[in-house]
Every structure is written in C-alpha cells, then in structure tokens.
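This report is written for a reader who is new to the structure. Please examine the sequence and the model before turning to the sections that follow.

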Amino acid sequence: MPANTGNIARTCAATGSTLDLIYPLGFELSDRNMKRAGLDYWDNVNLVEHDDLNAFMATLPDTQHLYLISKFSDLVYTDQDFSDTEVDHYFMFGKETTGLPEDFMQKYHDRCLRIPMTDKVRALNLANSVAIVIYEAVRQQHFTGLEEHHVYPHDKWK
C-alpha cells in the first residue's frame, strides 16, 4: 500500500535506515498517497530499488543478519540480538494480506521472527510492524547516531 510505504520511508528517515523496495510493488513510487505519507522526508531516505527478490538477495554479503518478520515463527523479535553496529541488519516484511512467499520463508525458517499478538487479527499494520522492529534494533544499539534530545529555538515549555 502506498501510504504504508510512505510511513515506512518516514521511519527510515528518522532512524537512518535504508529502505529496500523489491518489485513488483503493486503501485507506482510516484503515488500521491505514498508521497504524502512520507511528507517532505524523501530527500532523507536512502531508497534502494530491486527488480525482484533474487536481485535483492544478491546484494547481501550473507544471510546471517537477514530477518524475516512473520506471524509464522516461534522466535520473538525482542529475543534477537541486533546490538552489533558494525554490520547491517536486514528486516524483510511481506504484504499484510499474504506475507512473505512461503517457499522463501521455509528456506530461511531459522531467520524468521514474530511480533507477538492475539489471534484476533490476521496481521498488524505493515508500517507499524516496521517501526516496532526497527526501533527495537536501534534501542539495542543505544540509539547510536540518533538525536535523543531536541530543543526548539522557541521552546514553548520554557
């Protein structure tokens, strides 16, 4: 969904994370809903486009730091160690409706992580799921490179 992708782009801009998009997307990158959701942060997003899943996988040095986020896993994302700032961690999310391809998940079953939730919903919102996992990773990395305090020039709280 374009709006989810725009919101994910904003999370990537806020955390200094790269946004890898794997085609086919199901919408155009020029979609106005996506642009609106990303606001004016698009210039701050490191956006990398890949023709397909194989093209993306070819860019990875290895799969040691690849994580597939899915409800079909017994491993919880908070139990994983993302604290190493010397390596890139890759989090893959599928469509809300279908998730990641089943054969791909079976191939990398040891790399699958879940966000705990009740059985009352099929899936969390994709943009929310991305934010949950990325912020857990940057929390474990002690928010390295992120602004932890901010003061406006004319702070109304002073």
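## The segment after H5

Phe-143 counts as partly exposed, at 27% relative accessibility. In this predicted model, Phe-143 lies in the segment after H5. Its backbone has a positive phi of about 55 degrees, although Phe-143 is not a glycine. His-142 is also found in the segment after H5, and His-142 has a positive phi of about 60 degrees without being a glycine. Most residues other than glycine have a negative phi. His-142 counts as exposed, because its relative accessibility is 65% and the exposed class begins over 50%.

His-149 is placed in the segment after H5 as well. With a relative accessibility of 71%, His-149 counts as exposed. Between His-149 and Val-130 there are 23 Å in space, C-alpha to C-alpha, for a separation of 19 residues in sequence.

## The annotated binding site

An unreviewed UniProt entry carries the annotation "binding site" for Ile-69, Gly-94 and Ile-115. These residues are spread over 47 residues of sequence, yet they cluster in space, with a largest C-alpha distance of 13.5 Å. From this set, Gly-94 belongs to the lining of the largest pocket. Gly-94 sits in the loop between strand E4 (90-93) and helix H4 (102-107). It is buried, since its relative accessible area is 15% and the buried class lies under 20%. Residues up to four places away in sequence aside, Gly-94 touches Gly-99, Leu-100 and Leu-126.

Ile-115 occupies the loop between strand E5 (112-113) and helix H5 (126-140). Ile-115 counts as buried, at 10% relative accessibility. Its contacts, leaving aside neighbours within four places in sequence, are Ile-69, Tyr-77, Leu-124, Ser-129, Ile-132 and Val-133. One of these partners, Ile-69, is itself covered by the "binding site" annotation.

## A nonpolar patch on the surface

Two of the contacts of Ile-115, Leu-124 and Ile-132, also take part in a surface feature. Together with Val-121, Leu-124 and Ile-132 form a nonpolar patch, with about 190 Å² of accessible area in total.

Leu-124 is located in the loop between E5 and H5, the loop in which Ile-115 is found. Leu-124 counts as partly exposed, at 31% relative accessibility, whereas Ile-115 counts as buried. Leu-124 can belong to the patch because its relative accessibility of 31% meets the requirement of over 30% for patch residues.

## Prolines in two loops

The peptide bond from Tyr-23 to Pro-24 is cis, with omega near 0 degrees. Most peptide bonds are trans. Pro-24 lies in the loop between strand E1 (18-22) and helix H2 (32-37).

Pro-61 is found in the loop between helix H3 (53-57) and strand E3 (66-69). Pro-61 is exposed, with a relative accessible area of 70%. In sequence, Pro-61 and Asp-40 are 21 residues apart, and their C-alpha atoms are 32 Å apart in space.

Note on methods: Residues are numbered from 1 along each chain as its sequence is written. This is a predicted model: local features need pLDDT of at least 70, side-chain atom pairs count only at pLDDT 80 or more; totals for chains, interfaces and linings use all residues. Side-chain values use heavy atoms; hydrogens and water are left out. UniProt positions are given in the numbering used here, feature names are shortened, and annotations may be inferred rather than shown by experiment. On a 1 Å grid over the protein atoms alone, a cavity is a set of points where a 1.4 Å probe fits but cannot get out, and a pocket is an open set with protein on both sides within 12 Å along at least five of seven lines; lining residues have an atom within 4 Å of a point. Helices (H or I, at least four residues) and strands (E, at least two) are DSSP runs, numbered from the N terminus. Buried means under 20% relative accessible area, exposed over 50%, partly exposed in between (1.4 Å probe, protein chains only). Contact means heavy atoms within 4.5 Å. Patches are made of residues with over 30% relative accessible area and no salt bridge: like charges are joined within 9 Å, nonpolar side chains (Val, Leu, Ile, Met, Phe, Trp, Tyr) within 5 Å. Accessible areas come from the Shrake-Rupley method with a 1.4 Å probe; for residues, only the protein chains shown count as cover. A salt bridge is a side-chain nitrogen of Lys or Arg within 4 Å of a carboxyl oxygen of Asp or Glu.
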